[in-house]
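Biologist: Could you take me through this model step by step, from its overall form to its ligand?

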Amino acid sequence: MIRIENVSKSFATETHRIEVLSAVDLQVSAGERVAIVGASGAGKTTLMHILGGLEQPSSGLVLFRGENLFALHGHARDAFRNRSMGFVFQFHQLLPEFSALENVMMPALIGRWSRRKAEARAQALLTEVGLAARSTHRPGQLSGGEQQRVAIARALMMSPALLLADEPTGNLDSGTSGEIFHLLDRLHAAYGLTMIVVTHSAALAARLDRVISMADGRVVSSGQ
Ligand SMILES: Nc1ncnc2c1ncn2[C@@H]1O[C@H](COP(=O)(O)OP(=O)(O)OP(=O)(O)O)[C@@H](O)[C@H]1O
Ligand SMILES: [Mg+2]
C-alpha cells in the first residue's frame, strides 16, 4: 500500500540545519494496522506528514500503491490525497463555524460531489460513528470524544484506502479513548481499512497488528 525508501527530512534554522528524519524505510501492506510509537520529538508527526503528502521529504521516495507521491504537484497531489487518504489529528481540526454534518461533507464538496450526494453519505457516516442525532451541532457543542468521532467520519468520507491518525486519543480520557479504539476496530473489520496510527497509548498500540518504534528520527524497530 505504502512504501517509503531512504526518507530524510531536515529543517534549516537561521544558524543550522536539524535532521528530523534520517534514512527511514517503511512498508505497510493493504489492510494492515500499524502503530508508530516513540518519544516526543522522535519525528512521528513529521513522518505522518510525509506519508500523507503534506510535507516534502528532503530526500528519499514515497510510493503510494506504486505511485510516487511527490512526482505529483500542487492540485494533482491535493486531489490524489483527498481521494486516497483520510487524516485524523490529536486536535480534530474541525471547522468551528460549520455543523458536524457540514464538516464531514467537506472532502466531498472539495471533490466536487453534488451537495445531495455528499449530504447523504455524511449522514450515513455520522450514523455509523453513533452521532446521527448530532449532525446539526457545531464542534463547540460536542464533547472531545464526539468531535474526534466527527473527525473520523470526515476522514472516511471519500472511502480512503489509508487512514493516517496522529494521536487520535491523545487528548481524551481513557473511557472516551476506549470508544475511539472500538470504533477503529469496527471500521477495520467493516472496510479492511489500512491504518497508520501514532500513539503514546500502549493500550491502543497493542490492539494494532504491528508496532514501529522511532527514536531520534530513525526507525529502531519495524516490528517485523
Ligand atoms: N517546521 C519545523 N521546523 C523546525 N523544526 C521542526 C519543524 N517541525 C518539526 N520540527 C522538529 O522536528 C522534531 C520532530 O518533531 P515531530 O513533531 O515529528 O515529533 P513527534 O515525534 O511527533 O513528537 P510528539 O510526540 O511530541 O508529537 C522536533 O525536534 C521538532 O522540533
Ligand atoms: Mg507529534
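Modeller: We can go through it in questions and answers.
Modeller: This is a predicted model, in which local features need pLDDT of at least 70, side-chain atom pairs count only at pLDDT 80 or more, and totals for chains, interfaces and linings use all residues. Residues are numbered from 1 along each chain as its sequence is written, while chains are lettered from A and ligands numbered from 1 in the order in which they are written.

Biologist: How many helices and strands are in the chain?
Modeller: Helices (H or I, at least four residues) and strands (E, at least two) are DSSP runs, numbered from the N terminus. Counted in this way, the chain has seven helices and 10 strands.

Biologist: Which helix gives the most to the largest nonpolar core?
Modeller: Such a core is a set of buried Ala, Val, Leu, Ile, Met, Phe, Trp, Tyr and Cys residues joined through C-beta atoms within 7 Å, where buried means that 20 or more other C-beta atoms, placed from the backbone, lie within 10 Å of a residue's own. This core holds 60 residues, and among those that touch the most other members are Leu51 and Val104. The helix that gives the most to this core, with six residues, is α5 (residues 144-156).

Biologist: Which element gives the most to the shell around ligand 1?
Modeller: The residues surrounding ligand 1 include Phe11, Gly43 and Lys44. Both β2 (17-28) and α1 (44-51) supply at least two residues of this shell. With three residues, the element that gives the most is α1.

Notes:
Near = placed C-beta within 6 Å. Buried ≥ 20, exposed ≤ 12 C-beta atoms within 10 Å, placed from the backbone.
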